[in-house]
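I set out here what I looked up in this model, entry by entry. The overall fold comes first, then the ligand site, then single residues.

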Amino acid sequence: MKVSIIGQGYVGLSLAASAAALGYEVIGFDVNKELIASLDVGMSHVEGVDVPKSNYKATSNPAEINGSEIVIIAVPTPLDVERKPELKYILAACITIAENVKNKALIINESTSFPGTLRDLISKNIEETSKQNHLYAASPERVDPGNLIWNQSNTPRLVSGLTDEATKKAAAFYSSFCTNLVTVSSPEVAEAAKLFENTFRQVNIAMVNELAQISHGLDIDVREVLDAAATKPFGFMKFNPSLGVGGHCIPVDPSYLSFAAENVGIEASFIDLANEINLEMPSYVANRVANGVGGLKGKKVLVAGLSYKPNVSDLRESPSLLLIDALEVLGAEVIKHDPLIAGTSGIEDCDVAILAVAHDVIDKEALKKCAPYVFDCTGTMPGVHGL
Ligand SMILES: NC(=O)c1ccc[n+]([C@@H]2O[C@H](COP(=O)([O-])OP(=O)(O)OC[C@H]3O[C@@H](n4cnc5c(N)ncnc54)[C@H](O)[C@@H]3O)[C@@H](O)[C@H]2O)c1
């Protein structure tokens with residue numbers, strides 16, 4: 001069976017690898033020609049995912065997707081400058097499909113978007129141009145980069161089509177590499193569930209970050225409070241304080257839900273407040289550090305861990321970058337240290353060291369010794385200042 005995947009980023013390449021390993025004939029289409037050139041020589045840009053050696057062709061020629069039985073959309077769904085859904089990548093993917101897939105195919109959307117995207121945007125846009133009546137299904141991707149326990153095969157996958165036939169075909173495809181399929185009654189339920197999962201994380205992270213600020217004001221150790229609360233065996237789920245949220249999903253997806261809410265006249269106040277609290281964390285940390293050392297003007301501050309979460313090199317929406325800006329605004333000279341990111345400095349003597357993200361490869365003993373004032377945002381360095 002020929003399967004084409006539109007977008008060969010984190011999601012598209014991971015899916016291509018799973019499908020090619022099972023013997024599907026996989027076409028990985030991407031508009032980024034440099035990316036295609038590196039995939040062509042077997043160079044993967046996704047940590048932990050190898051470029052398939054057989055049953056796979058990376059291409060920037062859209063004509064190659066013709067004849068596919070399944071076409072999967074895995075393109076970015078970021079926010080625009082007004083923090084509203086940026087749908088241009090999805091719309092471009094629709095044009096590519098409409099103009100190039102001449103046979104009847106099953107079109108699946110894996111990109112994260114608001115309820116109604118499959119029905120009102122994707123299927124309508126494709127059907128306007130296409131001469132075919134395709135089948136349509138939504139199956140929002142849940143992959144968690146760097147997670148060694150939950151992967152594409154054991155993470156339950158939501159699936160729903162616009163018709164029963166589409167649902168059945170999509171379910172048959174995913175069940176070939178995913179052991180736990182959950183079919184829901186409409187694509188809108190699948191789309192909303194995906195957004196709510198990430199909104200749940202965003203709101204809870206914001207709430208615990210607020211608690212970190214309150215606890216500091218009350219001179220109580222927030223981590224001890226959380227450990228104590230977590231002894232309750234029911235009705236409580238522990239989240240940890242941090243520098244904020246980053247990556248492609250948690251800071252972005254909830255705004256898709258608030259956009260959908262706004263369209264039906266409902267204010268998503270939780271989401272807006274959570275965004276505000278999380279985005280404020282880097283300057284909260286910068287100010288706490290500045291107060292701890294009597295101001296940062298002219299001081300050398302080492303920030304360790306630049307990516308948005310431990311053990312990945314992804315810098316997208318990373319709160320560490322906001323922390324660096326906030327420290328510089330306060331007059332600090334910032335040294336950036338991240339063993340996973342090329343071109344950053346090593347650990348060196350300075351006035352302040354801040355552990356922003358705790359990669360396993362960061363030498364915490366050296367970090368502890370490199371400055372008289374050390375601040376830990378991660379809860380992994382006992383005995384120093386921190387959240
Ligand atoms: N990265 C994650 O951890 C993750 C997890 C779950 C869901 N998602 C969602 O999956 C979707 C894809 O995310 P990603 O992380 O893979 O993005 P990405 O930026 O890593 O990759 C997207 C790829 O799509 C390509 N592209 C853009 N427009 C295109 C077009 N018109 N035709 C063909 N290719 C095009 C880009 O060149 C890029 O290589 C997003 O909606 C995202 O929210 C991502």
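**Entry 1. The chain as a whole**

How many helices and strands does the secondary structure of the chain come to? I worked on a predicted model throughout, and in it I counted 11 helices and 13 strands. I then looked up the radius of gyration, which is 23 Å; the globule rule gives 21 Å for 387 residues, so the chain is as compact as a globular protein of that length.

For the outer dimensions, I found that the C-alpha atoms fill a box of roughly 70 × 50 × 40 Å along the principal axes. I noted that buried residues account for 50% of the 387 residues. The chain exposes about 17900 Å², and 55% of this comes from carbon and sulfur atoms. Among contacts with a separation of 6 or more, 69% join residues that are 24 or more positions apart.

**Entry 2. The ligand site**

I next asked which residues come nearest to the ligand. There are 26 residues around the ligand, and Gly9, Val11, Asp30, Thr77 and Thr112 come nearest.

I took the polar distances one at a time. A polar backbone atom of Val11 is 2.8 Å from an oxygen atom of the ligand. For Asp30, a polar side-chain atom lies 2.6 Å from a ligand oxygen. For Thr77, an N or O atom in the side chain is 2.5 Å from an oxygen atom of the ligand.

How much of the ligand does the protein bury? Taken alone, the ligand exposes 830 Å², of which the protein buries 91%. I then looked up the elements that give two or more residues to the shell, and these are helix 1 (10-21) and helix 3 (88-100). Helix 3 supplies the largest share, three residues. By residue class, I recorded 15 nonpolar, seven polar and four charged residues in the shell.

**Entry 3. Ala17, in a helix of the ligand shell**

Since helix 1 contributes to the shell around the ligand, I looked up one of its residues, Ala17, which is placed in this helix. Beyond its neighbours within four places in sequence, Ala17 is in contact with Val49, Asp50 and Pro52. I also checked Val51: it is 34 residues from Ala17 in sequence, and the two C-alpha atoms are 6.5 Å apart.

**Entry 4. Ser4**

Is Ser4 buried or exposed? I found Ser4 in strand 1 (residues 2-6). Its relative accessibility is 0%, which is under 20%, so Ser4 counts as buried. The side chain of Ser4 makes a polar contact of 2.7 Å with the side chain of Ser68. Leaving aside neighbours within four places in sequence, Ser4 is in contact with Ile27, Ile65, Ser68, Ile70, Val71 and Ile72.

**Entry 5. Cys377**

I located Cys377 in the loop between strand 12 (373-376) and strand 13 (385-386). Although Cys377 lies in a loop, it counts as buried because its relative accessibility is 2%. Outside its neighbours within four places in sequence, its contacts include Arg223, Pro241, Val285, Ile354 and Leu387. For a distance across the chain, I took Ser153: it is 224 residues from Cys377 in sequence and 33 Å away, C-alpha to C-alpha.

**Entry 6. Two asparagines with positive phi**

Most residues other than glycine have a negative phi. I therefore noted two exceptions to this pattern, Asn55 with a phi of about 60° and Asn311 with a phi of about 65°.

Where is Asn55 placed? Asn55 sits in the loop between helix 2 (33-40) and strand 3 (56-59), and at 36% relative accessibility it counts as partly exposed. Asn311 is in the loop between strand 9 (300-304) and helix 10 (319-329). With a relative accessible area of 35%, Asn311 is also partly exposed.

**Entry 7. Lys369**

I closed with Lys369, which is placed in helix 11 (residues 364-369). Its relative accessible area is 68%, over the 50% cut-off, so Lys369 is exposed. Lys369 and Ser215 are 154 residues apart in sequence, and their C-alpha atoms are 27 Å apart in space.

Technical notes. Residues numbered from 1 in each chain as written. Predicted model: local features only at pLDDT ≥ 70, side-chain atom pairs only at ≥ 80, totals over all residues. Heavy atoms only, no water. Near = heavy atom within 4 Å. Polar contact = N/O pair within 3.5 Å; in protein donor to acceptor, adjacent residues only side chain to side chain. Areas by Shrake-Rupley, 256 points an atom, 1.4 Å probe, with all protein chains shown as cover. Helix = DSSP H or I, 4+ residues; strand = E, 2+ residues; numbered from the N terminus. Nonpolar A, V, L, I, M, F, W, Y, C, P; charged D, E, K, R; others polar. Rg over C-alpha atoms; globule rule 2.2 N^0.38 Å. Buried < 20%, exposed > 50% of the residue type's maximum accessible area, 1.4 Å probe, protein only. Contact = heavy atoms within 4.5 Å.
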